[in-house]
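Colleague: Please choose one part of this model for a close look, and take me through it slowly enough for someone in a first year of study to follow. I would also like to hear how that part sits within the whole chain.

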Amino acid sequence: MGRLVIISNRLPVTITEKKGKLSIRPSAGGLATGLNSLKNNYEVIWVGWPGLPVSKAASKKTINSLLQEMAMHPVFIDSSKFNNYYGGFSNSTLWPLFHYFQQYTDFVSRTWQDYKEVNGLFAEKVAKIARKDDIFWVQDYQLMLVPQLLRSKYPRATIGYFHHIPFPSYELMRTLPWRDALMRGVLGADLVGFHTFDYVRHFTSATSRILNYDDHYLGRVRFQNRVVDIDSFPMGIDYDKFAKATHDPEVAKELERYIKETRGEKIILNIDRLDYSKALPQRLRAFDLFLTKYPNYRKKVSMLVILVPSRDTVGRYRRLKEEIDRIVGYINSKYGRISWTPVHYYYRSVKFSRLVAWYKLAPVALITPYRDGMNLVSKEYLACKTDGKGVLILSEMAGSSKELIGALQVNPNNTEAIADALHQALQMPEEEQIKRVRKMQKVLQRNNINYWARHFLERLQEVHQASLTIYEQFFNPKVEKQLLAKYRQAPRRLIFLDYDGTLTNFRSDPALAAPGKHLYQTLSELSQQPENQVILISGRDKETLEHWFGPLPLDIVAEHGAWYKKNGHKWRQYAKLDNSWKEELRPIFNQFTDRTPGSFLEEKNYSLAWHYRKTDPGLAEMRKHEFMDKLSHAIYGKSLQIMEGNKVLEVKNVEINKGTAAKRWLANETWPFILAIGDDYTDEDTFKAMPKQAYTIKVGFNETAARYNISTVEDVLSLLDKLL
Ligand code: GDG
């Protein structure tokens, strides 16, 4: 049985100390329950903070050994560090920003430092217990750096990350000074999960805009020598636990009591943790408006507010609590009677049986957060409606709104709409209530917490397998050793090298990519070795290549093969090519260049190339498709082709490609050693033209006809140095 290591901020336990004696009880949160169901297939191990500051070495030892019996491993964190990591960076930076409260977001480098350090402590703890073949599953925004920390320790491990809160749009994410590190941290995982597709969309857009990883297709990002999948996995609840609990004798007792005490008043249920993202003041104002607009409902309905204490030592939360106190007081004083209290308000958490009793009793649940990653309360409310009667009013900004389409969905900023939704809910005929609730229950029953956990882990293992396949194609030390041995033995060697993206990194302006001293020296030495025949095979124009490499004793192919030059000879044309098409196509190129800021046109002897490296990625993607569409009509019937290179679209004669050009060197001689290195689409023709035993290497990790992938230009240069 494989081991599954869950890494989360909190361990699912409650530790209490009475008269110096420590006791530990498991606490059954949603996640813990979901993972319990995996125990048939995995040995589940948990790493996390134990939930309280522990400074005495003796207590640490006791807690450690008590927890280890439960397969849990505590991460002890000193309290000032913990405050900076948790109250500081997690909850005063990431939480507000990710819930779109930019005005509440602190940017403090001290808390960031401690966030990094504490993430490091989690990774170290994992390292202490990790075994080969463990599956790691990191939970939530407090630990965004952990996936990458684990990846650097275990390059081939299976690592998943699930983000439980919203992921904001790129526009907000970019305001974070530490955005790059956080994004890279998460991308250490094989699979990154969110509750909804909107968060997936935002995260994917941030990967391409912040990190420039735009090599993604259908949610799969190629990232160095791995693939990372980014997808939505809406978290479910333990449906049966809630549905069954409605029949518990203890719940029945609670229910009976409340039915008596509410004396037929219809309860509008609110359960929230104290947090500004929950928009409770707004909801209370909507209730006020409802009572004004629909006075017939006075004395017939009341609002039950259960506000679960949270972070109330923090100024912002304390002020929010005071605001809620004030509005509740205002409403009760405005409408209340001796016989009727409009808002019943409790600032405490309630036991499970009471929670279920309220879910069962309340004909309406009002859940209208400004933002909520998912919101499980909305799902639990529905699971408790075993007779199908009840109405859920739900914010369209809650993640659960995507699945709960039978709810009355409202914009949480629209008090008028919430007031009207309350009216609609209270008037809704029973048949309609049942129809809506049953439909939603079906979804929740199926997509429950067990399904969520299983589904995530299955996908995680699939993606990991895909990464392993890439890893096998990776130019690793073993392959390098073989290559070097073959190179040394061979009396004759043929070496094809592409230039941009292979021997030099892309620059914003192609003219800036002239070879540096070291590269020039390398090429010079490589081409001077008598066994070697080196060919620089590029899409660039011949004038630039001549200018940069003319004096070197190597052969050059320019414009993808339209021109070539053998060492010591003049430039020759591949064939006399027709160029008249350029007149016709140039206006289209000019038009797209004008319409697309950051792009420019490069005109070569036999081709037109539109570069868009500096264009906004979203706009570039859109224009590229539009441009291709237009070009494919324009070239119809002509012997031209559109080539998509690295951030460039190029039109050229169809006969011309690097493969045809390369064959010129293969025709008259059998080479005992062939090496071809290139990075983009156009180099695929070179790879395809090579015999099977040739070493063909692609820079980057896209699909390729080459035998191997290598990560970077720097790796190529280091390989060339080793050849020398
Ligand atoms: C994050 C995201 C996302 C609440 N009050 C009492 C009580 N609860 C239980 C509910 C429910 C849970 O707490 C709260 O659910 P949330 O969905 O709000 O989850 P959080 O863990 O706070 O937040 C959120 C979630 O992660 C999961 O990914 O949905 O968007 O912010 O299960 O039943 N339980 C009891 N008494 C209470 O007073 N017994």
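Modeller: A helix here is a run of at least four residues that DSSP labels H or I, a strand is a run of at least two labelled E, and both kinds are numbered from the N terminus. By that rule Ala 466 belongs to helix α17, which covers residues 449-472. Please keep in mind throughout that this is a predicted model.

Ala 466 is a useful place to practise reading the values. Its relative accessible area is 22%, and since buried means under 20% and exposed means over 50%, Ala 466 is therefore called partly exposed. If its neighbours within four places in sequence are set aside, Ala 466 is in contact with Arg 220 and Val 227. Gln 573, by comparison, is 107 residues away from Ala 466 along the chain, and the two C-alpha atoms are separated by 43 Å.

That distance can be set beside the whole protein, whose C-alpha atoms fill a box of roughly 105 × 65 × 40 Å along the principal axes. The protein has 25 helices and 29 strands, and 55% of its 724 residues are buried. Among contacts with a separation of 6 or more, 71% link residues that are 24 or more positions apart, and the contacts of Ala 466 with Arg 220 and Val 227 give you a concrete picture of what a contact looks like.

The part I would choose for the close look is strand β6, residues 135-139, where five of the five residues are buried. Its side chains alternate: Ile 135, Trp 137 and Gln 139 point one way, while Phe 136 and Val 138 point the other way, and both sets are buried.

Strand β6 also has a partner strand in β1, residues 2-10, and another in β7, residues 158-162. Four bridges join β1 to β6, and these two strands run parallel; five bridges join β6 to β7, which run parallel as well. Val 138 lets you follow both pairings through one residue, for Ile 7 stands opposite Val 138, and Tyr 161 in β7 is also a bridge partner of Val 138.

Between β6 and β7 the chain passes through helix α5, residues 146-153, and the three elements make a right-handed β-α-β unit. The loop that leads from β6 to α5 holds Asp 140, a residue with a positive phi of about 80° although it is not a glycine. Asp 140 counts as buried because its relative accessibility is 11%, which is under the 20% limit.

A second loop offers a parallel case to look at. Asn 375 is found between β15 (364-367) and α14 (376-383), and it too is not a glycine yet has a positive phi, of about 90°. Its relative accessible area is 9%, so Asn 375 is buried.

Finally, you can set the parallel pairings of β6 against an antiparallel one. Strands β25 (residues 640-645) and β26 (residues 648-653) run antiparallel and are joined by six bridges, with Ile 642 having Val 651 as its bridge partner in β26. These two strands form a hairpin with two residues between them, and Lys 647 in the turn has a positive phi of about 60°.

Notes:
Residues numbered from 1 in each chain as written. Predicted model: local features only at pLDDT ≥ 70, side-chain atom pairs only at ≥ 80, totals over all residues. Heavy atoms only, no water. Buried < 20%, exposed > 50% of the residue type's maximum accessible area, 1.4 Å probe, protein only. Contact = heavy atoms within 4.5 Å. Pairing = 2+ DSSP bridges. Right-handed = clockwise from strand over helix to strand, strands pointing away.
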